[in-house]
Amino acid sequence: MREVEVVVVGAGQAGLSSAYHLRRAGFEPDRDFAVLDHSPAPGGAWQFRWPSLTYGKVHGMHALPGMELTGADPARPSAEVIGAYFDRYEHAFGLRVRRPVEVRAVRESDGGRLLVETSAGTWSTRALINATGTWDHPFWPRYPGQETFRGRQLHTAQYAGPEEFAGRRAVVVGGGASGTQHLLELAPYAAATTWVTRRPPVFRDGPFDEEAGRAAVALVEERVREGLPPRSVVSVTGLPLNDAIRRGLADGVLDRRPMFDRITPDGVEWRDGGRVDADVILWATGFRAALGHLAPLRLREPGGGIRMEGTRAVADPRIHLVGYGPSASTIGANRAGRAAVRDIGRLLAEERPVAA
Ligand SMILES: Cc1cc2nc3c(=O)[nH]c(=O)nc-3n(C[C@H](O)[C@H](O)[C@H](O)COP(=O)(O)OP(=O)(O)OC[C@H]3O[C@@H](n4cnc5c(N)ncnc54)[C@H](O)[C@@H]3O)c2cc1C
């Protein structure tokens with residue numbers, strides 16, 4: 001059993017920002033804190049994103065604190081660019097991420113400490129920064145007849161690029177950024193595409209300025225303060241009406257239909273008798289926070305979310321969630337890491353006052 005002051009779970013943007021701020025606050029890696037990540041390489045979830053999601057297509061990736069990401073080739077896959085950048089970052093600041101280490105459960109222990117059970121043994125810690133993102137928890141809605149479909153069903157998390165859709169009839173489900181990006185990519189390859197979403201998509205024209213950003217974050221923040229599950233960022237910001245989306249709307253690729261009512265062996269059907277034959281259903285239905293390992297701490301509210309005050313879990317001030325809810329963006333993750341470290345620094349100092 002290793003004893004530390006803080007365990008950081010996850011080494012994506014949120015975890016690395018936290019580790020950076022821990023170092024700046026005087027915490028030493030290995031002696032005072034440990035960063036554990038179950039992925040094989042640096043890059044957080046970026047390392048798993050499809051190759052056609054090039055760095056140039058990523059909107060608004062903010063650099064990690066203390067080191068710019070400059071000169072990256074916009075034509076290279078974001079997985080490569082950001083993976084290499086995170087790797088440089090971890091080395092530059094000596095963050096000593098341990099990987100692959102799967103955190104399986106976090107439990108209460110004696111003396112107010114937490115036990116972090118992992119694939120590589122147990123850590124005992126006084127505080128925990130959870131930065132596990134959402135990529136590991138894809139959300140698949142259920143529809144009647146789903147199991148009878150003879151074609152292929154896949155989620156954004158398994159999407160590897162448009163080539164495998166050549167000559168196929170594809171139904172894309174979901175009104176977020178991934179859904180629209182998939183459709184725009186698939187259209188030149190697929191025999192036919194159909195876009196279905198639960199709610200009519202909302203497009204946002206004009207720049208997304210700081211004020212609009214703050215308003216969007218405030219909406220998500222309000223939910224987590226009430227202990228409700230956070231909503232996706234696009235659900236509060238709308239989809240940016242860029243040139244690619246405008247073209248997709250003009251040529252009919254982004255001609256949206258309401259959600260179908262059932263899935264048949266050959267496609268999808270609506271209650272009014274409408275049907276579309278399909279070879280593939282691509283579920284671009286988003287992700288949920290990957291928090292299963294925190295279940296033993298019983299932080300969830302009846303509303304299904306974890307009640308938060310800033311990055312701190314209201315039910316347990318030793319636990320901080322970064323990259324969760326209002327901080328689920330690269331800039332939000334940066335700020336959340338700093339806020340969590342500041343708060344934890346205060347908590348640990350209060351618990352162990354300096355002797356007079
Ligand atoms: C397709 C796509 C495009 C996006 N584009 C943008 C963008 O352009 N701009 C932007 O600001 N945001 C974007 N986002 C959101 C963005 O990815 C995030 O807000 C940010 O990068 C997430 O960082 P994170 O550290 O919270 O999570 P992640 O990058 O997911 O990192 C979480 C880490 O935790 C690890 N982990 C998870 N569970 C465990 C466990 N039990 N034990 C150990 N380790 C674990 C994972 O291995 C992973 O390395 C995008 C998201 C998606 C899905």
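Me: Is Tyr-85 buried or exposed?
Reply: This is a predicted model. Buried means under 20% relative accessible area. Tyr-85 has a relative accessible area of 0%, so Tyr-85 is buried.

Me: How many aromatic pairs does a search of the whole structure find?
Reply: A pair of aromatic rings is described by the distance of the centres and the angle of the planes. Searching the whole structure gives a count of aromatic pairs of 12.

Me: Are the rings of Tyr-85 and Tyr-89 stacked or tilted?
Reply: Both residues lie in helix α2 (residues 78-92), four residues apart, about one turn of the helix. Their ring centres are 6.3 Å apart. Planes under 30 degrees apart count as stacked and over 60 as edge-to-face. The planes here are at 55°, so the pair is tilted.

Me: Which aromatic cluster holds Tyr-85 and Tyr-89?
Reply: Tyr-89 is buried, at 0% relative accessibility. The two tyrosines belong to one aromatic cluster. Its members are Tyr-20, Tyr-85, Phe-86, Tyr-89 and Phe-93.

Me: Are the rings of Trp-135 and Phe-287 stacked or tilted?
Reply: Trp-135 is buried, with a relative accessible area of 11%. The ring centres of Trp-135 and Phe-287 are 4.9 Å apart. Their planes are at 20°, so the pair is stacked.

Me: How many residues apart are Trp-135 and Phe-287?
Reply: Trp-135 sits in the loop between β6 (121-130) and β7 (152-155). Phe-287 sits in the loop between β16 (280-283) and β17 (308-309). The pair links distant parts of the chain, and the separation in residues is 152.

Me: Which residue lies over the face of Trp-270?
Reply: The distance from the ring centre of Trp-270 is 4.0 Å. The residue over that face is Arg-257.

Key:
Residues numbered from 1 in each chain as written. Predicted model: local features only at pLDDT ≥ 70, side-chain atom pairs only at ≥ 80, totals over all residues. Heavy atoms only, no water. Phe/Tyr/Trp six-rings, centres within 6.5 Å; stacked < 30°, edge-to-face > 60°. Helix = DSSP H or I, 4+ residues; strand = E, 2+ residues; numbered from the N terminus. Buried < 20%, exposed > 50% of the residue type's maximum accessible area, 1.4 Å probe, protein only. Lys NZ or Arg CZ within 6 Å of the ring centre and 35° of its normal.
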